[in-house]
Amino acid sequence: MAICGRWYSGSSAQPTEALLDVSEDGHLQILAQANGRVLAEELAVTVAISSRLGNTARFVKFDSGAAFETRDNDQVDQMQRQWQGARKGLLHTLESHLGLVAVATVVVAVLVWGGAVWGVPAASNAIAHQLPQNSLDTVARETLAILDKTYFAPSELSEARRAELQAHFAPVLAEFPELPLKVTFRQGGDIGANAFALPDGTVIFTDEMVDLAQSDRELVAVLAHEIGHVALRHSMRAAISNATLGFIYVTVVGDSAALSDLLIGLPVALTTFSYSRDHETEADAFSAAYLDRAGIDRQRFIDLMQRLGESAACTRLIEQTETYDPQLLSDEERLQVCEELAEQHSDEHENKWLGYLSTHPELEERLEAFQTL
């Protein structure tokens, strides 16, 4: 019996093309294919043979640490049966049994699904709450720098207006001395009316959001919501969850370059993450609890969010026409254009005037739930 393969001496990583030859009395030799030189000798009953797994290469291992590699699995099986009394290795038995393969596939799928749905979020929550403040500061600083470069512009609110808002916000911030909270303002640009919470405790209000509010108490309600995101570390939990799933994918695929891009791009990713429905519900509950303690009607939050939904839906209607630039229209012009478009496409846009905000769950359902949190 002669089996073709490659010989690894154990003293060098360079393989040698070789033949494994077994005589009738069970004497095993490794011969160099080039010149027939004997590279190793052993009894067939004493060598270790790796288990068969599909058509992957097998190894015949020697006590010296040397090994013979071959893909001629049938010949190796024959040698193993003849001299070692083995029929199939455990791995080959398992992977050849269709029923076991099917069961294993289902188990793996369930484990992966359960890990993604429960395991990764739970682990992300634990990790996010263990991160030191200097890590949060670094991520937030780089995220804000990217936002300032790509979306935001300096606030156009007057100093007096900003000071007035800070005075209204101060009692809210004082309610949470354990959090390094601060409020800042930016011109929203393409983002428009919105508010954001960065991991370090910075809450950003766009000028458009301030203009959209009809009372400062509405802005206080939104601030309480954003503080909920900070206290519960939602941005870092979302980032860690996405990074973990990405890391698992990269590990399976084996793309190390993608892994480095994944880690380096974390601040960039934070600028585009939207909170999950669960995170928004948690932040809503946090806000509702504060409003109740402060004696502020929950309707304040609902009113502003409905207005925000209308504004977002209006912008989408205008952008779909490709006729108007929402940034070049005044508030009155935007409202007039939206009303005209809504009438023209009443069937197409039915029940979508309050629509779906790009960074929030379905608005009407969310605000109904807010009343009962």
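Two helices count as roughly antiparallel when the angle between them is over 145 degrees, and as roughly perpendicular when that angle lies from 65 to 115 degrees. This report applies these limits to a predicted model.

**Helix packing**

Helix α12 (residues 299–321) takes part in two packing arrangements, set out below.

| Helix pair | Angle between axes | Distance between axes |
|---|---|---|
| α12 and α14 (residues 363–372) | about 175 degrees | 10 Å |
| α7 (residues 216–231) and α12 | about 90 degrees | 8 Å |

Because its angle exceeds the limit of 145 degrees, the pair α12 and α14 is roughly antiparallel. On the α12 side, the residues that meet α14 are Gln299, Phe301, Ile302, Met305, Gln306 and Gly309, while α14 contributes Leu363, Arg366, Leu367, Phe370 and Gln371. By type, the residues of this contact comprise six nonpolar, four polar and one charged.

The pair α7 and α12 is therefore roughly perpendicular. From α7, the contact involves Arg217, Glu218, Leu219, Ala221, Val222 and His225; from α12, it involves Arg300, Phe301, Asp303, Leu304 and Arg307. Here the division is five nonpolar, one polar and five charged residues. Phe301 of α12 appears in the contact with α7 and also in the contact with α14.

**Salt bridges**

The count of salt bridges in the model comes to 14. One pairing joins arginine 58 and aspartate 77, whose closest N and O atoms are 3.2 Å apart. This pair links distant parts of the chain, since arginine 58 lies in strand β6 (residues 58–61) and aspartate 77 in helix α1 (residues 73–84), 19 residues apart.

**A nonpolar surface patch**

On the surface, Val103, Val107 and Leu111 form a nonpolar patch, and together they have about 280 Å² of accessible area. Valine 103 is located in helix α3 (residues 98–128).

Methods:
Residues numbered from 1 in each chain as written. Predicted model: local features only at pLDDT ≥ 70, side-chain atom pairs only at ≥ 80, totals over all residues. Heavy atoms only, no water. Patch = residues over 30% accessible without salt bridge, like charges linked within 9 Å, V, L, I, M, F, W, Y side chains within 5 Å. Areas by Shrake-Rupley, 256 points an atom, 1.4 Å probe, with all protein chains shown as cover. Salt bridge = Lys/Arg side-chain N within 4 Å of Asp/Glu carboxyl O. Helix = DSSP H or I, 4+ residues; strand = E, 2+ residues; numbered from the N terminus. Axes fitted to C-alpha atoms, helices over the stretch in contact; angles between N-to-C directions. Parallel < 35°, antiparallel > 145°, perpendicular 65-115°, else oblique. Contact = heavy atoms within 4.5 Å. Nonpolar A, V, L, I, M, F, W, Y, C, P; charged D, E, K, R; others polar.
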